[in-house]
Amino acid sequence: MSNDDKNVNKPALKIIEGLVKGRSANNDNDSVVYLHKAQTIIGRDDDCDVIVLERDVSRHHACLHIEGDNYFIEDLNSRNGTQVNDIPITGKVPIFSQSEIVLAGQLKLRFYNRFDTMSLKSVPTVLGGLLRIDMRSRRVFIGDDEILPSLSLPQYRLLELLYNNHGNVCTRDEVVQAVWPDAVGEGVSEQAIDALVRRLRDRLADYAEDKDFIITVRGHGFRLANPSMIEEN
């Protein structure tokens with residue numbers, strides 16, 4: 001059986017930044033770690049499943065748990081901490097597809113569930129879209145115009161989630177995880193989610209009144225409709 005066959009329908013971690021033994025963030029073929037075990041230990045120790053070559057990462061830093069179609073990351077009392085979508089965590093918390101996991105501020109990973117790993121082989125580009133995000137500076141543009149003042153943090157997190165999913169539907173649970181990770185388990189009302197979507201739509205409409213960038217897919221969630229700039233010219 002080929003490696004591709006073994007990895008079909010397996011969740012995965014993609015290395016965005018940092019050093020991992022036998023892997024390279026700069027090579028698409030080597031940057032993905034497929035997850036075959038119910039528990040995957042990440043750390044510097046040689047007995048870890050994912051061996052990290054960053055000195056600030058603990059010997060046994062974190063554990064990724066697979067429980068059916070539910071996924072969790074657990075910080076193993078590491079010295080320098082674990083973040084999920086920029087939020088420091090303690091203990092075991094749920095993660096969703098496209099969640100960003102950072103260990104000790106040095107290793108950055110992006111998680112993909114078993115339904116999304118096909119996108120690792122061929123990710124549709126959105127660079128030519130009318131709406132663009134500069135991930136490093138967290139600036140948002142529509143055409144040549146930057147959205148100012150900047151989006152609020154919840155608005156930006158929602159837009160980034162939709163943008164990174166390249167037109168795929170994001171569920172309300174995924175929105176809660178991305179926007180309000182501390183509220184997972186406590187619940188966020190549908191009214192709060194709808195109000196956030198409405199405010200973000202209003203901000204985007206200030207720069208493209210005739211475009212509806214955020215599409216509600218009834219009973220499922222939301223997706224981003226990002227027309228190409230070629231279509232606009």
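## Exercises on a predicted model

Lys37 touches Asp49 and Ile66, not counting residues up to four places away in sequence. Keep in mind as you work that this is a predicted model.

### Exercise 1: Placing Lys37

Find out where Lys37 sits, and whether Lys37 is buried, partly exposed or exposed.

*Solution.* Start with the chain. Lys37 belongs to the loop that links S2 and strand S3 (39-43). Next, look at how much of the residue is open. The relative accessible area of Lys37 is 44%. Partly exposed means between 20% and 50%, so Lys37 is partly exposed. Finally, try a distance: Lys37 and Leu64 are 27 residues apart along the chain, and their C-alpha atoms are separated by 9.3 Å.

### Exercise 2: Thr40 and its partners

Work out which strand holds Thr40, which residue is its bridge partner in S5, and whether Thr40 is buried or exposed.

*Solution.* Thr40 is part of strand S3. That strand pairs with strand S5 (residues 62-67) in the antiparallel sense, over four bridges. Within S5, Leu64 is the bridge partner of Thr40. Now check the contacts, leaving aside neighbours within four places in sequence: Thr40 meets Leu35, Asp49, Val50, Ala62, Cys63 and Leu64. The C-alpha atom of Thr40 is also 6.6 Å from that of His65, which is 25 residues away along the chain. For the last step, buried means under 20%. Thr40 has 5% relative accessibility, so Thr40 counts as buried.

### Exercise 3: Sorting the strands into sheets

Write down the strand order of the five-strand sheet and of the six-strand sheet, and say which strands lie at the edges of each.

*Solution.* A little background helps here. Strands of a sheet pair through backbone hydrogen bonds, either parallel or antiparallel.

- **The five-strand sheet.** This open sheet runs S4-S3-S5-S6-S9, with mixed pairing. S4 and S9 are its edge strands, each pairing on one side only. For a parallel pair, look at S3 and strand S4 (residues 50-51), which are joined by two bridges; here Ile42 has Val50 in S4 as its bridge partner. For an antiparallel pair, look at S6 and S9, which share four bridges. Across that pair, Phe72 stands opposite Pro94 in S9.
- **The six-strand sheet.** This one is open too, in the order S2-S1-S11-S10-S7-S8, and its pairing is antiparallel. Its edges are strand S2 (32-34) and strand S8 (87-88), each with a partner on one side only. At one end, strand S1 (residues 12-17) pairs with S2 over three bridges, and Leu13 stands opposite Val33 in S2.

### Exercise 4: Exploring a pocket

Describe the second largest pocket: how much space lies in it, and which element gives the most to its lining?

*Solution.* Begin with the volume, which is about 190 Å³. Then turn to the walls. Eleven residues line the second largest pocket, and Asp69, Asn70, Tyr71, Ile95 and Phe96 lie nearest its centre. Two elements give two or more residues to this lining: strand S6 (70-75) and strand S9 (92-95). S6 gives the most, with three residues. Lastly, sort the lining by kind: six residues are nonpolar, three are polar and two are charged.

### Exercise 5: Less common backbone

Find a cis peptide bond and two residues other than glycine with a positive phi.

*Solution.* Know the usual pattern before you search. Most residues other than glycine have a negative phi, and most peptide bonds are trans.

1. The bond from Leu148 to Pro149 is cis, with omega near -5°. Pro149 is in the loop between strand S14 (145-146) and H2.
2. Asn85 has a phi near 50°. This residue is in the loop between strand S7 (82-84) and S8, and Asn85 counts as buried at 13% relative accessibility.
3. Gln98 has a phi near 80°. Gln98 lies in the loop between S9 and strand S10 (100-103), and is buried too, with a relative accessible area of 12%.

### Exercise 6: Checking helix H2

Decide whether H2 is mostly covered or mostly open.

*Solution.* First get its extent: helix H2 (residues 153-164) has twelve residues and reaches 16 Å from first C-alpha to last, close to the 16 Å expected. Now check the burial. Nine of the twelve residues are buried, so H2 is mostly covered. Among the buried ones are Tyr156, Leu159 and Tyr163.

Definitions and conventions. Residues are numbered from 1 along each chain as its sequence is written. This is a predicted model: local features need pLDDT of at least 70, side-chain atom pairs count only at pLDDT 80 or more; totals for chains, interfaces and linings use all residues. Side-chain values use heavy atoms; hydrogens and water are left out. On a 1 Å grid over the protein atoms alone, a cavity is a set of points where a 1.4 Å probe fits but cannot get out, and a pocket is an open set with protein on both sides within 12 Å along at least five of seven lines; lining residues have an atom within 4 Å of a point. Grid points are joined across faces, edges and corners, and a volume is the space filled by probe spheres set on the points. Ala, Val, Leu, Ile, Met, Phe, Trp, Tyr, Cys and Pro count as nonpolar, Asp, Glu, Lys and Arg as charged, and the others, Gly among them, as polar. The expected span of a helix is 1.5 Å times one less than its number of residues. Buried means under 20% relative accessible area, exposed over 50%, partly exposed in between (1.4 Å probe, protein chains only). Two strands pair if DSSP finds at least two bridges between them. Contact means heavy atoms within 4.5 Å.
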